[in-house]
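Please look over the sequence and the model before reading on. The paragraphs below take up selected features in turn.

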Amino acid sequence: MEKLVILKLSGHLIKFSNTIRDVFNEVKSLASIAKFVIIPGGSVFADFVKELQEKLNFNDDVAHWLAIKSMEMYGTYLASLDTSSVIEVYDFIELHNALRLNKIPIFMPYRVIKALNELPHRWDVTSDSISVYIAGLLNAYLVILAKPVDGILDDHGCLIKLIPSNELYKIHSTVIDSYVVKLLEKFRIPVAIFNVFKIHLLEDIINLREGDYTLIVP
């Protein structure tokens, strides 16, 4: 049975359209061993929400929902880069239909997150946490956070290749948001963080082979 993998694409990739296309091509090449669901980051759109909140002084509830909407704006951009293979989906029924059609679904999270409303409304709940949360709802095999960094570094600047989730409290890192730890304790799903510019690592990550990335295990 194919593994269901949640792949979050960092918003920092908005200036690297060719890298995004490389990701989609790699995902297609791995279709025989995994089904992928793409979660978009918030990108510059979420940054703009934060700036607006500072200027207009609206509360964190408003900021939370606007930031999740910003993920959908970036998601629409991502989908535009491969219209033959990638499709926007807005709920789990659409998601599973897309997978059955061998499409790569980009999950637009607002509708589901708004309906369930289980996540705190604050800025340390980012698209990282939302990716883990969606993975938990879908009983996914793995969450992969594709970022422009190699992973989590220790105090000496060395890459941490394997770390239990309950050890994350000891690491002072801004690579992932702090609420991810709570969700990992709840859902017990492994999370990999890798440098998206090293797309060749994706197959090793799917198979949980050791490599130049960080794997967080329950």
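What follows is a walk through this predicted model, from its nonpolar cores to one helix, some loops and the charged pairs.

The largest nonpolar core is made up of 42 residues, and Ile134, Ile176 and Ile216 have the most contacts inside it. Helix 6 is the element that gives the most to this core, with six residues. A second core, separate from this one, has 34 residues, among them Ile20, Ala79, Ala146 and Ile199. Returning to Ile176, its contacts beyond four places in sequence include Leu145, Ile152, Leu168, Ile193 and Ile216, and also the charged residues Asp128 and Lys147.

Helix 4 covers residues 92–100, and in this helix Leu95, Ala98 and Leu99 are buried. Seen down the helix axis, these buried residues fall within an arc of 100°, so they line one face of helix 4. What do the buried residues of helix 4 pack against? Their partners are strand 1 (3–9), strand 2 (34–40), strand 3 (86–89), strand 4 (104–107) and helix 6 (127–138). On the other side of helix 4, Ile93 and Arg100 are exposed.

The N-terminal end of helix 4 is capped by Asp91, which has a side-chain oxygen 3.1 Å from the backbone nitrogen of Ile93. Asp91 also forms a salt bridge with Arg111, with 3.3 Å between the closest N and O atoms. Because Asp91 lies in the loop between strand 3 and helix 4 while Arg111 is in helix 5 (residues 110–116), the pair ties together parts 20 residues apart in sequence. Arg111 counts as partly exposed, at 46% relative accessibility. Just after helix 4, Asn102 has a positive phi of about 60°.

Most residues other than glycine have a negative phi. Asn57 is another residue with a positive value, near 65°. Asn57 is placed in the loop between helix 2 and helix 3 (60–80), and its relative accessibility of 69% makes it exposed. Leu52, in helix 2 (residues 43–56), touches both Asn57 and Phe58. Leu52 is partly exposed, with a relative accessible area of 25%. A positive phi of about 55° is also found at Leu208, in the loop between helix 8 (202–206) and strand 8 (214–217). Leu208 is partly exposed, at 36% relative accessibility.

Side chains of opposite charge can pair when their charged atoms come close. The structure holds nine salt bridges. In one of them, Lys28 pairs with Asp82, and the closest N and O atoms are 2.9 Å apart. Lys28 belongs to helix 1 and Asp82 to the loop between helix 3 and strand 3, so this pair ties together parts 54 residues apart in sequence. Lys28 is partly exposed, with a relative accessible area of 36%, whereas Asp82 is buried at 10% relative accessibility.

Asp204 forms a salt bridge with Arg209, the closest N and O atoms lying 2.8 Å apart. Salt bridges with shared partners join Lys8, Asp128 and Lys147 into one network.

Which side chain of opposite charge is nearest to Glu26? That side chain is Arg209, but it is 9.1 Å away, and Glu26 is buried without a salt bridge. Glu26 lies in helix 1 (residues 17–29), where it touches Ile199 and Leu202. Of these two, Ile199 is also among the residues of the second core.

Conventions. Residues numbered from 1 in each chain as written. Predicted model: local features only at pLDDT ≥ 70, side-chain atom pairs only at ≥ 80, totals over all residues. Heavy atoms only, no water. Helix = DSSP H or I, 4+ residues; strand = E, 2+ residues; numbered from the N terminus. Buried < 20%, exposed > 50% of the residue type's maximum accessible area, 1.4 Å probe, protein only. Contact = heavy atoms within 4.5 Å. Arc of directions from axis to C-beta. Polar contact = N/O pair within 3.5 Å; in protein donor to acceptor, adjacent residues only side chain to side chain. Salt bridge = Lys/Arg side-chain N within 4 Å of Asp/Glu carboxyl O. Core = buried A, V, L, I, M, F, W, Y, C linked by side-chain atoms within 4.5 Å.
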